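Visitor: I should like to look closely at a single part of this model, its largest nonpolar core. Which residues have the most contacts inside that core, and which element gives the most to it?

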Amino acid sequence: MLNRFLIISLALLPLGPLDAADWSAEISIEARHFFNDALNPQQHGSNLSTTFESEFYHDWDDDNQRIVFTPFARIDQHDSERSHVDLRELYWRRTFNNTDLYIGIRKIFWGVTESLHLVDIINQSDTIENIDGEDKLGQPMLSLSHATELGDWSLYLMPWFRERTFAGIEGRLRPPIVIDQDNAQFESGDEERQVDSALRWSHVIDDWDIGLSIFHGTDRTPQLILQTNNGVTTLLPYYAQLDQLGLDAQYTYESWLWKLETVARRHDNRFSLNFNRSKAAVGGFEYTWYGLFDSATDIGLVMEYQYDSREGKRAPIANNDIAIGSRLTFNDAQDTSLLALVASDLDQRERFISLEGSRRLGGDMSASIEARFFSNTTPQTQLYSLRDDDYIELLLTQYF
Amino acid sequence: MFNNKIYALILPLLTMLLPGTAFSTDDAALVKKGLEIATETDLRDKGFGDSSSSLEMVLRNRHGETSERQLRNKTLEVANDGDKVIIIFDTPKDVKGTAFLSFTHKLEPDDQWLYLPALKRVKRIASRNKAGPFMGSEFAYEDISSQEVEKYSYRYIKDETFDGRDHFIIERDPVDPRSGYKRQQVWIDKAEYRIWKIDFYDRKDSLLKTLSYNDYNQYIEKFWRANIMKMINHQTGKSTVLNWKDFSFQNGFNKNEFTKKSLKKAR
């Protein structure tokens, strides 16, 4: 299927003169150090990793046609699962008046909140890249997008499902029991060949940005099923069928951004115990003080509450949690910024802490530092399996 | 009768002697003249329809070290409101592909969105940040956003001739209390109503920055644009030079090219 998309997209490569074409690339080197010994002796105390990502695009036909090609690759010192390649994008776009037709592999983002992305469901998370879920795998699709006076409509047909990535045996930030990624189970008999579909309406009405979405297809988040085979215990990813209704809204007033995302889900599968239907929401505000103490520095405060109706073993990490974050933006020539975030579970008191800092070095390079801590975990809490995986990371990126 | 005569004699005397009264009569005239100059400046730039250009920014710190930014912009003139603007960032390379959409308004806060290409995400952002620096430069957001007559109150100061041109000098005071400036002094040439120089005074009324315009060209026989704008910050010793290129007017842009959706496709 992927190959077929490749062939279609390549066949549509332009023959006319180049109206606009561009190529860019980035190479990064990442060093991670873990503060504690790993739970499993096969895991390592530190890790080096390197990535390459390139983007080529070309516009022609009065900018009514575009092709984009974005390959990505990582080579990891220890984790063979983290060494992976992906086509982040490879698509062709044709514009007819107010309608865009897309064929190929794309990345789509839906939503407004900062600490959790509930509504965003088109792309699978490339969680092996970073546990924050901001990295996504390219999703093959045929998509139509139509702009009207009463909002934008987008329809997506997705003929190929992408499985979530997880750390391998030697990788960190994984449960003590290895996730058997080669034997994923699907509720759908068509497995990853099932065609998923989604429809979204979004609109801007004065100070409101609103989106409504419907998704029907394979849940991007697998349930992990404990399984013992020939005396070897593994966690098996099980991808259920999901219907999801989503709403996202942001109200912008002066220095305030008020944000809400909420979903209603229906799972229908053999592993479900008491839940077929569930609800989740994340909402809160972001406020920025500009020009702190007569300087150019801005300080932003984010506070979001995360709720999920699923309880017990099925409860996700963000089920009754509050996330508080602060971003310091120096507005200097090097774009220096610092970000601190604490997410606390209100029932179980476990805490996730993230600290990030970034700065440009010269013209074509940037550096960032990231530290993450999992604290107050107990055998009953969701982050327990990551209890010894606190880490600090240094990332250097060179742009071309 | 007698009283009336006395008053008839005294009144003109009083008017001359009491500085308050004399001031207010003259002041009204100065305010009126200031507004007239600003209105004429604005009028001469009306009707451009739309425009596009590219821009190189050179940021210089007090040690003389420089860093560059390249961006492109498209502007759509909106009748009875502020312009719609899209800015696309080409360098620094780590922000390449970032795009910014603004619906500027005369007095209301602007509506602004930012497209983050790595996440493919469009974020609506708060637009209160008028006084903050644009891309780490010496230009504040309010310096580069669309200039509307309603954003200031005016006063004519005097005439001044330099570089062989006759100028009006007007003072303009920002209406918005969130502006970073108490006042600005603007040099406008009498022949074509082009701005040649602006002195910016901070909230404490000390001279903060000077912006000078150079190398004006006229487009489609009406609209003047400076190719070079240099902002010097007197308090920090830093400066920013804007080198404008590729001005193009009346490209036939329409409002569908200035939406959240089009921001995601901007290149």
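Guide: Two residues are in contact if their C-beta atoms, placed from the backbone, lie within 7 Å. The model is predicted. On that definition of contact, and leaving aside neighbours within four places in sequence, Ile37(B) touches Tyr156(B), Phe168(B), Ile170(B) and Ile188(B). Two of these partners, Ile170(B) and Ile188(B), belong, like Ile37(B) itself, to the residues with the most contacts inside the largest nonpolar core. Val186(B), Ile195(B) and Ile198(B) are also listed among those residues, and the core has 28 residues. Strand S9 of chain B, residues 181-189, gives the most to this core, with four residues. A second core, of 25 residues, is separate and includes Val68(A), Ile121(A), Ile122(A) and Leu242(A).

The contact between the chains may be set beside this picture. Chain B gives 25 residues to that contact and chain A gives 32 residues. On the side of chain B that touches chain A, the elements giving two or more residues are strand S2 (66-76), strand S6 (121-125) and helix H4 (260-265) of chain B. By class, that side of chain B has 11 charged, seven polar and seven nonpolar residues.

In chain A, an open sheet of three strands has the order S8-S12-S11, with mixed pairing. Its edge strands are S8 (185-186) and S11 (223-229) of chain A, each of which pairs on one side only. S11(A) runs antiparallel to strand S12 (residues 232-239) of chain A, and seven bridges join the two. Opposite Ile225(A) stands Leu236(A), in S12(A).

Terms used. Residues numbered from 1 in each chain as written. Chains lettered and ligands numbered in written order. Predicted model: local features only at pLDDT ≥ 70, side-chain atom pairs only at ≥ 80, totals over all residues. Core = buried A, V, L, I, M, F, W, Y, C linked by C-beta atoms within 7 Å. Buried ≥ 20, exposed ≤ 12 C-beta atoms within 10 Å, placed from the backbone. Nonpolar A, V, L, I, M, F, W, Y, C, P; charged D, E, K, R; others polar. Pairing = 2+ DSSP bridges.
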